[in-house]
Amino acid sequence: MASHDPIRDVRMRGFASRTSVADAFTWLDGHTTTLEAEEVDLANVAGRVLASEIVSRIDVPPFPRGMMDGYAIRAEDSSGATPYNRLRLRVVGEVLPGHRYASEMGPGQAVRIMTGARLPDGADAVIPVEKTEISGETVTVSDSVSPGKHVGHIGEDVAQGQMVLPKGRRLRPQDLGVLSSIGVRQLTVVRRPRVRILVTGNELLPPGSAPRGEQIADANSPMLEAFIDRDGGVAVHPGILPDSEEAIREAFQENCDVVLVSGGSSVGQEDYAPRVLAEEGELAIHGISMRPSSPTGMGLLKSTIVILLPGNPVSCMCAYDFFAGRAIRRLGGRETSWPYPMVRRKLARKLVSVIGRVDYARVQLKDGLVEPIAISGASLLSSTTRADGFVVIPEGSEGFAAGSEVQVQCYSSQ
């Protein structure tokens, strides 16, 4: 245990200095790396990240197959066929998907074939049913086809030895279809980071509770759980903790990859988390040059990343988006960039900031323009539901003038 450092106890004293957002990113990236791999069944890997590339051991399809309903023929037997010069072939059988035509097809013969069925030996093309007429055991062909026409060839979809999906791929639904087609039942994927949500506050009631007296419902934990799931983590949240050093110290001992502290992390009299983190591990950063979320902190408990999130809901959301989400995605093998669609639009009116800090400005998109909602108001969570997204104002800027084109991170697709 680290010795008590009185400089770390900032309760009721304020921050002596603040770390830049860029330096906080550097520290965070330097202390996070992709977690180890685990084996997972194909049915449960959607959205997971591949820990190694997938190379096919088989050809898909493994046999030549018909790609149209019609008749398997020898292409040369249709040579010269037109609507005015119809050619007749003898139908000698039928082949359906999952079956094989037992004999080799000879000259002047045709085999009725369904899409996906194996091409009979001796055939090299398929004439579509709409180009034929059937009468008893005779099919009349009104069009010519070249060798290979309407035939899926061996390995046409996936070839044996082909790299199908690269390491680091976040698996999409269609990827699972391809994996199934090449016989993959289990995959090696990056383990999902376990994220402990540590919410403190004697004034807090369980999420969804009606306020009672001076007590209010916890708004942060359901929001954080949804963010963690979005970013590929597994949220662990047994419940709200009281504002006490002992409760926080005990919760810090739980086995997780990331601990998110919501509340009790600033400089108030009952903000114990920074001091306990400094005593139990390392409080590397406390106070960041940004608005909102300036009380954000981060540090280590052995190899566990701890991020101190402000208790005010908008600040909590902002700090999660900037730092916690980045760490969780990085641990899970995902891209560290924001998982939001981006658009560029012109400002309807100016956005003002202060040089030396990063601002997270909530905005609406109206009539093709960006309408600022708020930069301040860290407790007004409803401002984020009214917002369509946010604009980041860098620390070297005093803001953007009306009519300036800005980049908007959209909370959902526009």
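## Exercises on a predicted model

On the other side of α1 from its buried residues, Thr26 and Gly30 are exposed. The model is predicted.

### Exercise 1. Helix α1

Task: find which residues of helix α1 are buried, and how they are arranged around the axis.

Solution.
- Step 1. Helix α1 spans residues 21–30. Its buried residues are Val21, Ala24, Phe25, Trp27 and Leu28.
- Step 2. Look down the axis of α1. The buried residues fall within an arc of 165°, so they line one face of the helix.
- Step 3. Turn to the other side of α1. Thr26 and Gly30 are exposed there.
- Step 4. Identify the cover. The buried residues of α1 are covered by elements including β18 (282–286), β19, β20 (297–301), β21 (304–309), α6 (313–331) and β24 (358–366).

### Exercise 2. Met290

Task: place Met290 and determine whether it is buried or exposed.

Solution.
- Step 1. Met290 sits in strand β19, residues 290–291.
- Step 2. Its relative accessible area is 5%. Buried means under 20%, so Met290 is buried.
- Step 3. Skip neighbours within four places in sequence. Met290 then contacts Val21, Cys318, Phe322, Phe323, Arg357 and Val358. Val21 is one of the buried residues of α1.
- Step 4. Take Tyr84 as a reference point. Met290 and Tyr84 are 206 residues apart in sequence and 79 Å apart in space, C-alpha to C-alpha.

### Exercise 3. Helices α3 and α5

Task: describe how α3 and α5 are buried, and what covers them.

Solution.
- Step 1. In α3 (residues 220–230), Asn220, Ser221, Met223, Leu224, Phe227 and Ile228 are buried.
- Step 2. Those residues span an arc of 160° seen down the axis of α3, so they line one face of the helix.
- Step 3. The cover over the buried residues of α3 includes β13 (194–199), β16 (234–236), β17 (258–262), β21 and α6.
- Step 4. Now take α5 (residues 273–280). Seven of its eight residues are buried, and the helix is mostly covered. The buried set is Ala273, Pro274, Val276, Leu277, Ala278, Glu279 and Glu280.
- Step 5. The cover over the buried residues of α5 includes α4 (245–251), β17, β18, β20 and β21.

### Exercise 4. Two buried serines

Task: find what the side chains of Ser56 and Ser353 pair with.

Solution.
- Step 1. Ser56 lies in the loop between β2 (54–55) and β3 (65–66). Its relative accessibility is 2%, so it counts as buried.
- Step 2. A polar atom of the Ser56 side chain lies 2.6 Å from the backbone oxygen of Ile58.
- Step 3. Beyond four places in sequence, Ser56 touches Val158, Ala159, Gln160, Gly161, Gln162, Val164 and Ile182.
- Step 4. Ser353 lies in the loop between β23 (351–352) and β24. At 7% relative accessibility, Ser353 is buried too.
- Step 5. The Ser353 side chain makes a polar contact with the side chain of Asp359, at 2.7 Å.
- Step 6. Leaving out neighbours within four places in sequence, the contacts of Ser353 are Asp359, Ile393, Ser397, Glu398 and Gly399.

### Exercise 5. Backbone exceptions

Task: locate the cis peptide bonds before Pro61 and Pro292, and the positive phi values of His150 and Asp367.

Solution.
- Step 1. Recall the usual case. Most residues other than glycine have a negative phi, and most peptide bonds are trans.
- Step 2. The bond from Val60 to Pro61 is cis, with omega near -5°. Pro61 is in the loop between β2 and β3.
- Step 3. Arg291 and Pro292 are also joined by a cis bond, with omega about -10°. Pro292 is in the loop between β19 and β20.
- Step 4. His150 has a positive phi of about 60°. It lies in the loop between β9 (138–141) and β10 (151–152). At 23% relative accessible area, His150 is partly exposed.
- Step 5. Asp367 has phi near 50°. Its loop runs between β24 and β25 (369–374). At 82% relative accessibility, Asp367 is exposed.

### Exercise 6. The cavity

Task: give the volume and lining of the largest cavity.

Solution.
- Step 1. The count is one cavity of 30 Å³ or more. The largest cavity holds about 60 Å³.
- Step 2. Its lining is Gly47, Arg48, Val49, Val190, Arg191, Arg192, Pro193, Gly232, Gly332 and Arg334.
- Step 3. Sort the lining by class. Three residues are nonpolar, three polar and four charged.
- Step 4. Pick out Gly232. This lining residue comes just after α3 and takes a positive phi of about 90°.

Conventions: Residues are numbered from 1 along each chain as its sequence is written. This is a predicted model: local features need pLDDT of at least 70, side-chain atom pairs count only at pLDDT 80 or more; totals for chains, interfaces and linings use all residues. Side-chain values use heavy atoms; hydrogens and water are left out. On a 1 Å grid over the protein atoms alone, a cavity is a set of points where a 1.4 Å probe fits but cannot get out, and a pocket is an open set with protein on both sides within 12 Å along at least five of seven lines; lining residues have an atom within 4 Å of a point. Grid points are joined across faces, edges and corners, and a volume is the space filled by probe spheres set on the points. Ala, Val, Leu, Ile, Met, Phe, Trp, Tyr, Cys and Pro count as nonpolar, Asp, Glu, Lys and Arg as charged, and the others, Gly among them, as polar. Helices (H or I, at least four residues) and strands (E, at least two) are DSSP runs, numbered from the N terminus. Buried means under 20% relative accessible area, exposed over 50%, partly exposed in between (1.4 Å probe, protein chains only). Contact means heavy atoms within 4.5 Å. A polar contact is a pair of N or O atoms within 3.5 Å; within protein, one must be able to donate a hydrogen and the other to accept it, and residues adjacent in sequence count only if both atoms are side-chain atoms. The arc is that of the directions from the helix axis to the C-beta atoms.
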